[in-house]
Amino acid sequence: MHSRLTIIYNKNLSYAFTLSRRCLWILGIWPDPFVPLSDFQRLSVRFIIVTCILCLYVIVPQLTNMILAWGNVARMVEHVASANFSLMALCKLVGTWYHGQTLRVLMTSVMTDWMTSKDHERNTMLNIARRGRVLALRCYVASSCTVVFYVSLNILKFHRNKYQLHRPLVYKFAYPYNTEKSPSYEITFFTQLSGGVYSALINCTIDCFVSILVLHICAQLINLRTVLNKLVDDLAKKVITSGEFKKSLATITMRHEHLIRNAKTVDDCYSAVLFIHMLAATFQLCFESFQVFTIVSNHLNISVIRVAFLSFYVLLVLTHLYIYCYSAERLLIESTGMAYGVYECKWYDISSKDAKSLMFMVYRSTIPLKLTAGKFGTFSLEMFGTTVKTSMGYLSALLTMMD
């Protein structure tokens with residue numbers, strides 16, 4: 001029996017998390033509930049390598065180049081855009097690693113939900129997971145297209161300059177060794193290139209992971225509301241006694257508190273990271289839109305590959321922001337929906353004493369569960385529109401500086 005439940009869990013977990021699970025393992029930060037805690041606490045070599053590549057081969061070079069290009073707005077924007085995107089990825093990577101033990105406990109809870117759910121509950125969970133998969137697929141498609149054009153641009157750059165005396169890197173920087181001689185040049189070039197690829201992979205993977213975690217909690221809230229409605233219906237039809245009703249209601253209340261704690265755990269783990277994401281995404285959208293606008297307005301002779309890269313880059317940033325806003329909006333709706341679920345059940349057919357017991361659930365559900373950005377803002381579809389609007393305001397300021 002246990003073996004059968006484990007098989008069901010692995011199958012459903014693979015369906016729900018899909019690429020996120022494998023990619024987080026590649027990055028060395030997958031919060032695997034099956035790994036012993038002593039092994040899990042060891043720092044992964046993969047995590048250290050990825051962190052060093054992002055810091056030493058993307059973020060530091062581009063921030064240095066931005067300082068050196070001070071006064072040239074176009075060049076500053078170009079340098080800071082890649083540094084900003086990689087810095088956002090680094091924060092998510094370190095944040096997920098730092099809260100690894102907490103997330104491991106949360107994944108254990110997810111595992112238990114899949115293993116103990118009934119057929120109709122599992123159908124609801126699969127339906128919500130399917131929506132999460134669609135969002136994740138769109139994010140990975142946008143990320144893959146961006147990476148393909150990014151790699152293509154730099155491979156062409158490498159091919160054109162491989163026989164030149166002064167061979168440029170992906171990101172110009174004065175390393176403490178001669179980068180113009182082989183094989184140092186090739187190693188440095190492709191390490192920097194891999195840093196850009198890692199940035200896209202990390203952002204996409206962790207964004208999808210958090211979104212699916214939030215949607216899983218939404219599915220559990222829907223199932224809990226269904227159980228509550230059935231319980232009240234059974235009491236109204238005299239199928240169960242008042243004592244059995246109160247006992248089952250206490251179990252539902254404890255389950256509701258458990259889901260609230262899980263939602264707060266996700267928010268506590270990623271609130272600071274999401275604040276950085278919100279700010280970085282706002283500026284990133286501004287920077288990439290600025291580059292596209294500059295190319296179009298000045299009729300610059302830019303390759304089609306670069307234009308396509310920048311276009312998919314803008315789409316990627318919007319997609320990453322949207323999946324957070326969608327999942328957070330759904331969490332807010334489903335958490336307050338518990339109170340509406342009480343109103344919709346047949347409370348008027350049960351005794352006033354039993355009906356009063358339902359008010360505890362109503363009171364607890366009036367406070368919506370949220371996914372916050374550093375406690376300063378709440379992710380929602382409204383925030384998505386506000387962020388895009390703010391980003392376009394920054395773009396207007398940048399264009400004014402150019403004039």
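Visitor: What makes the lining of the largest cavity nonpolar or charged in character, by class?
Guide: In this predicted model, that lining has nine nonpolar and two polar residues, with no charged ones. Its members are A16, F17, V110, W114, M125, I128, A129, G132, I212, L215 and H216. Gly counts as polar, and so does any residue outside the nonpolar and charged lists, so G132 and H216 make up the polar pair.

Visitor: Why is this space called a cavity and not a pocket?
Guide: The name depends on escape: a cavity is a set of points where a 1.4 Å probe fits but cannot get out, whereas a pocket is an open set. The whole structure holds two cavities of 30 Å³ or more. At about 80 Å³, the largest one passes that cut-off, and the second largest, with about 50 Å³ of space, passes it too.

Visitor: Which helices supply the lining of the largest cavity?
Guide: Helix 1 (2-17), helix 6, helix 7 and helix 8 give at least two residues each. Helix 7 has the largest share, with four residues.

Visitor: And what lines the second largest cavity?
Guide: Around it are L106, S109, V110, D113, L213, H216, I217, Q220, L259 and N262. V110 and H216 also appear in the lining of the largest cavity. By class there are five nonpolar, four polar and one charged; Asp counts as charged, so D113 is that residue. Helix 6, helix 8 and helix 9 each contribute at least two residues here.

Visitor: Now the open spaces. How many residues line the largest pocket, and what is its volume?
Guide: The volume is about 860 Å³. Of the 39 residues in the lining, E78, N154, K157, V170 and Y171 are the closest to the centre. A residue joins the lining when one of its atoms is within 4 Å of a point, so each of these five meets that cut-off.

Visitor: Which classes do those residues fall into, and where do they come from?
Guide: There are 17 nonpolar, 13 polar and nine charged residues. Helix 4 (45-68), helix 5 (73-98), helix 7 (119-161), helix 8 (184-236), helix 9 (242-297) and helix 10 (304-344) each supply at least two of them. Helix 7 again has the largest share, with nine residues.

Visitor: What does the second largest pocket look like by the same kind of account?
Guide: It holds about 530 Å³ of space and is lined by 20 residues, with K118, E121, N223, L224 and V227 nearest its centre. Five are nonpolar, nine polar and six charged. Here helix 8 gives the largest share, eight residues.

Visitor: Is T205 buried or exposed, and how do you know?
Guide: Its relative accessible area is 0%. Buried means under 20%, so T205 is buried. This residue is found in helix 8 and, beyond residues up to four places away in sequence, touches S20, C23, L24 and Y140.

Visitor: What makes the pair T205 and L201 a polar contact?
Guide: A polar atom of the T205 side chain lies 2.7 Å from the backbone oxygen of L201. The cut-off is 3.5 Å, so the distance falls within it.

Visitor: Why is M359 called neither buried nor exposed?
Guide: M359 has 31% relative accessibility. Buried is under 20% and exposed is over 50%, so 31% makes it partly exposed. M359 is found in helix 12 (residues 359-365). V342 is 17 residues from it in sequence, with 8.4 Å between their C-alpha atoms.

Visitor: What makes a group of residues a nonpolar core?
Guide: The members must be buried nonpolar residues joined through side-chain atoms within 4.5 Å. The largest such core has 82 residues, among which F209, Y270, L358 and F379 touch the most other members. Helix 8 gives the most to this core, with 21 residues. A second, separate core has 27 residues, including M88, A142, A281 and L316. In soluble globular proteins, nonpolar side chains tend to be buried together.

Visitor: Which residues does F379 touch further along the sequence?
Guide: Beyond its neighbours within four places, F379 is in contact with residues including L274, M278, L321, Y324 and A373.

Visitor: To finish, how many residues does the chain have, and what share counts as buried?
Guide: Of 403 residues, 52% count as buried. The chain has 13 helices and two strands.

How values were computed. Residues numbered from 1 in each chain as written. Predicted model: local features only at pLDDT ≥ 70, side-chain atom pairs only at ≥ 80, totals over all residues. Heavy atoms only, no water. 1 Å grid on protein atoms, 1.4 Å probe; cavity = no way out; pocket = protein on both sides within 12 Å on 5 of 7 lines; lining within 4 Å. Points joined across faces, edges and corners; volume = space filled by probe spheres on them. Buried < 20%, exposed > 50% of the residue type's maximum accessible area, 1.4 Å probe, protein only. Polar contact = N/O pair within 3.5 Å; in protein donor to acceptor, adjacent residues only side chain to side chain. Contact = heavy atoms within 4.5 Å.
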